[in-house]
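Trainee: Could you take me through a close look at one part of this model, and then set that part against the rest of the chain?

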Amino acid sequence: MRRKPRIPPAPLPQRRGVDPVRVRLPAGGPWATVREHLVERLSGAGAGAVDGMFDAGQIVGTDGRAVAPDAAYEPGMFLWFHRELPEEVPVPDPLRVVHRDEHIVVADKPHFLATTPRGSHVTETVLARLRRELGLPTLGAAHRLDRLTAGLVLFTVRPEERGAYQALFRDRRIAKEYEAVAPYDPGLDLPRTVRSRIVKERGVLAAYEVEGEPNAVSRVELVEHRADGLGRYRLIPSTGQTHQLRVHMNALGVPILGDPLYPVVTDPMPAGDFRRPLQLLARTLEFTDPVTGVEHRFRSARTLEAWSSYGGWAGQ
């Protein structure tokens with residue numbers, strides 16, 4: 001069995017709570033120099049941008065020293081550099097910390113704030129902001145919550161303990177409860193447990209259901225409904241497929257309000273447009289701490305605006 005290569009520690013510090021990019025040169029290939037490979041690998045940035053990084057000494061090796069553009073290509077070599085960090089529009093709602101100890105941080109995130117850096121959302125993410133605001137550069141995410149979903153997210157303080165907390169989610173030893181606002185259908189028989197097989201393809205925005213062994217299980221309960229045709233729902237997933245609750249609510253004929261993917265994929269909202277957030281909230285997290293043995297139960301203090309003030313949510 002081949003051992004995975006040991007990844008050396010990053011020789012560059014974080015920038016605004018964001019780790020440097022790590023690149024490992026692959027085995028084989030036609031490249032004679034490090035520059036040739038990076039120009040091809042980072043083709044979206046352009047050769048000029050790569051050359052500029054080399055000229056500024058921004059691409060470094062394991063020892064933290066700048067790598068020359070004509071350095072010979074060495075398969076397995078590690079390189080680090082910082083990506084450009086463009087200005088991002090801050091999400092207006094506050095990011096709250098509901099619990100912090102020497103092992104974990106639990107945050108109550110607003111809608112539209114990504115959990116971890118990805119794509120165009122880098123510095124304005126929960127992870128980067130908490131690292132900066134709490135002074136915890138080693139903070140890591142134990143799981144992820146969709147950018148459009150609000151509510152509780154669990155982070156770990158010590159990298160060596162992260163696996164123990166991630167295992168809570170992998171092994172289904174953590175109880176999660178969500179709240180949603182969606183249309184009320186008097187003909188829909190609830191509560192019920194929805195089981196289906198969900199597929200999410202890379203590069204395709206929406207997930208979808210297919211025939212086959214179920215890999216997604218959700219408990220759906222109606223908490224209350226109103227004369228205006230809206231219902232408030234309790235959603236309890238026992239699996240963690242991408243967009244699972246959104247797919248299951250749509251399949252029941254009551255898609256969650258504000259969903260830009262289900263039932264129809266809509267055009268992306270422009271940056272800075274925070275209107276009509278998805279009415280889905282990660283309400284509670286409950287688990288036995290795998291490190292301390294403490295029984296934890298956390299609850300989000302957020303409310304779903306379409307339920308408390310539909311006119312305000314809809315912009316009426």
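Mentor: Leaving aside neighbours within four places in sequence, Thr115 is in contact with Lys109, Thr125, Val126, Leu127, Ala141, His143, Arg144, Leu145, Val153 and Phe155, and since this is a predicted model, such contacts are to be read as features of the prediction. Thr115 itself lies in the loop between strand 4 and helix 3, and with a relative accessible area of 3% it counts as buried, because the cut-off for that class is under 20%.

The loop between strand 4 (104-109) and helix 3 (126-134) also holds Arg118, whose relative accessibility is 67%, so that Arg118 counts as exposed. Arg118 joins Arg144, Lys200 and Arg202 in forming a positive surface patch. Arg144 thus appears in two settings, as a member of that patch and as one of the residues in contact with Thr115.

As for charge over the whole protein, there are 43 positive and 39 negative charges, and their mean positions are 3 Å apart. The accessible surface of the protein comes to about 16800 Å², with 49% of it belonging to carbon and sulfur atoms.

For a second view of burial, consider helix 5 (residues 244-251), which is largely enclosed by the rest of the structure because six of its eight residues are buried. The buried residues are Gln244, Leu245, Arg246, Val247, His248 and Met249, and what covers them includes strand 7 (174-183), strand 8 (192-199), strand 9 (208-210), strand 10 (216-225), strand 11 (230-237) and strand 12 (280-288). Helix 5 is followed by Gly253, a residue whose phi is positive, near 90°.

These local pictures belong to a protein with seven helices and 13 strands, whose C-alpha atoms fill a box of roughly 70 × 45 × 40 Å when taken along the principal axes. Of its 316 residues, 44% count as buried, and among contacts between residues at least 6 apart in sequence, 62% join residues at least 24 apart.

Conventions. Residues numbered from 1 in each chain as written. Predicted model: local features only at pLDDT ≥ 70, side-chain atom pairs only at ≥ 80, totals over all residues. Heavy atoms only, no water. Patch = residues over 30% accessible without salt bridge, like charges linked within 9 Å, V, L, I, M, F, W, Y side chains within 5 Å. Areas by Shrake-Rupley, 256 points an atom, 1.4 Å probe, with all protein chains shown as cover. Salt bridge = Lys/Arg side-chain N within 4 Å of Asp/Glu carboxyl O. Lys, Arg positive; Asp, Glu negative; His and termini not counted. Charge placed at Lys NZ, Arg CZ, Asp CG, Glu CD. Helix = DSSP H or I, 4+ residues; strand = E, 2+ residues; numbered from the N terminus. Buried < 20%, exposed > 50% of the residue type's maximum accessible area, 1.4 Å probe, protein only. Contact = heavy atoms within 4.5 Å.
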